[in-house]
Amino acid sequence: MSNTILVTGATGNVGSQVVQQLIASGITPRVAVRSINKAESLKKAGAEPVEMDLDRPETVQSALTGVDKVFLVSPFVPNMVELTAILIEAAKKAKVQQIVKLSALAQPGIALSKWHEEMENAIAQARTQGFASADIPFTFLLPNGFMQNFVNVMAETIKSENAFYLNAGEGKVSFVDTRDIASVAVAALITSGHEGQSYNITGSEALSHAEAAAILSQVLGRAINYVDVPEDAVRQGMQGTGMPEPTVNALLELYASYKAGQAATLSPTVEQVTGKQPISFEQFAKDYAEVWQ
């Protein structure tokens, strides 16, 4: 078991679950935050906050000092590849022993998959440059769409309008609970045998968004509708929030891949790595029901 694990993206969908599960395992994770002043809750929970801002490389090297393993969540911004390269270089200098990177289930031809592939290649190449001090074993986690997006992205309209809106058609998606992704990540961080592996991570069933809405309806006791809206309307909505155009395009490509049925693949990774069945969408809905009330 490693002595010091640095978790990036510690307040996000997956990173927060990784932090919780590491603490539950008796480990005090070091968590990267942009501002120490906003990390009091993480400290109270049992983590060790450290300031790290990829836009300020000097903070990255400092945060990695004495770190054995890194759980890497790249920020979802247009220059995510360049920012991740900064961390990889700092990890090499710090002689990090393993990087467990959160990627995404590969979809043919879309920008998001290409970006993650570039970052994965950079990490893999960092361990084959002929110097032992730069030899960083890796584990890549490639999950499908998060169940928690129904909480973090769609909760407001589910509560207020009994509906959620997307342009994913009737394509099925093997949604996965971020708690399961975190369980695989923690196993990769604290047990051996995961080095050099790329894990596709999905739930145990593929559902269309309409089928997901039906499950939500049953659990919540009221009709929840999925509304398949035109791509232009989704684009305008994203642009209205100030989202950068490359990010807008990347998400629309992802939804188009859902619509085309390219996200229905199932993987046994969760059970194989953790020994437990993946959390079903119905169980997820029951666990988070109060969010939509």
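In which loop is Asn162 found? In this predicted model, Asn162 sits in the loop that links α7 (155–161) to β7 (163–166). Its backbone deserves a look while you are there: phi of Asn162 is near 55 degrees, a positive value in a residue that is not glycine. As for its surroundings, Asn162 has a relative accessible area of 26%, and because buried means under 20% and exposed over 50%, Asn162 counts as partly exposed.

A second residue invites the same kind of inspection. Lys95 belongs to the loop between α4 (80–93) and β5 (98–102). Phi of Lys95 is near 60 degrees, again a positive value in a residue other than glycine. Lys95 has a relative accessibility of 57%, and since the cut-off for exposed is over 50%, Lys95 counts as exposed.

Now let us step back to the whole chain. The protein has 13 helices and nine strands. Its C-alpha trace spans about 55 × 40 × 35 Å along the principal axes. How does the radius of gyration fit the picture of a compact globule? For 293 residues, such a globule would have a value near 19 Å, and the protein has 19 Å, so the two agree. Of the 293 residues, 51% count as buried. The surface that the protein exposes comes to about 13,100 Å², with carbon and sulfur atoms supplying 49% of it. Among contacts between residues at least 6 apart in sequence, 74% join residues at least 24 apart.

Gln61 gives a local example to follow. This residue lies in helix α3 (residues 57–64). Apart from neighbours within four places in sequence, Gln61 is in contact with Ala90, Lys93 and Ala94. Gln61 is partly exposed, because its relative accessible area of 26% falls between the limits of 20% and 50%. For a sense of distance, try Glu205: it is 144 residues from Gln61 along the chain, and the C-alpha atoms of the two are separated by 41 Å.

Finally, turn to a pair of helices. Helix α10 (residues 231–240) packs with helix α11 (residues 245–259) at an angle of about 145 degrees, and their axes are 10 Å apart. The crossing of α10 and α11 is right-handed. Which residues meet there? From α10 come Glu231, Val234, Arg235, Met238 and Gln239, and from α11 come Glu245, Val248, Asn249, Leu251, Leu252 and Tyr255. Sorted by class, this contact of α10 with α11 has six nonpolar, two polar and three charged residues.

Definitions and conventions
Residues are numbered from 1 along each chain as its sequence is written. This is a predicted model: local features need pLDDT of at least 70, side-chain atom pairs count only at pLDDT 80 or more; totals for chains, interfaces and linings use all residues. Side-chain values use heavy atoms; hydrogens and water are left out. Axes are lines fitted to C-alpha atoms, for helices over the stretch in contact, and angles run from 0 to 180 degrees between N-to-C directions. Helices (H or I, at least four residues) and strands (E, at least two) are DSSP runs, numbered from the N terminus. A crossing is left-handed if the near helix is turned anticlockwise from the far one by less than a right angle, and right-handed if clockwise. Contact means heavy atoms within 4.5 Å. Ala, Val, Leu, Ile, Met, Phe, Trp, Tyr, Cys and Pro count as nonpolar, Asp, Glu, Lys and Arg as charged, and the others, Gly among them, as polar. The radius of gyration is taken over C-alpha atoms; the globule rule is 2.2 Å times the number of residues to the power 0.38. Buried means under 20% relative accessible area, exposed over 50%, partly exposed in between (1.4 Å probe, protein chains only). Accessible areas come from the Shrake-Rupley method with a 1.4 Å probe; for residues, only the protein chains shown count as cover.
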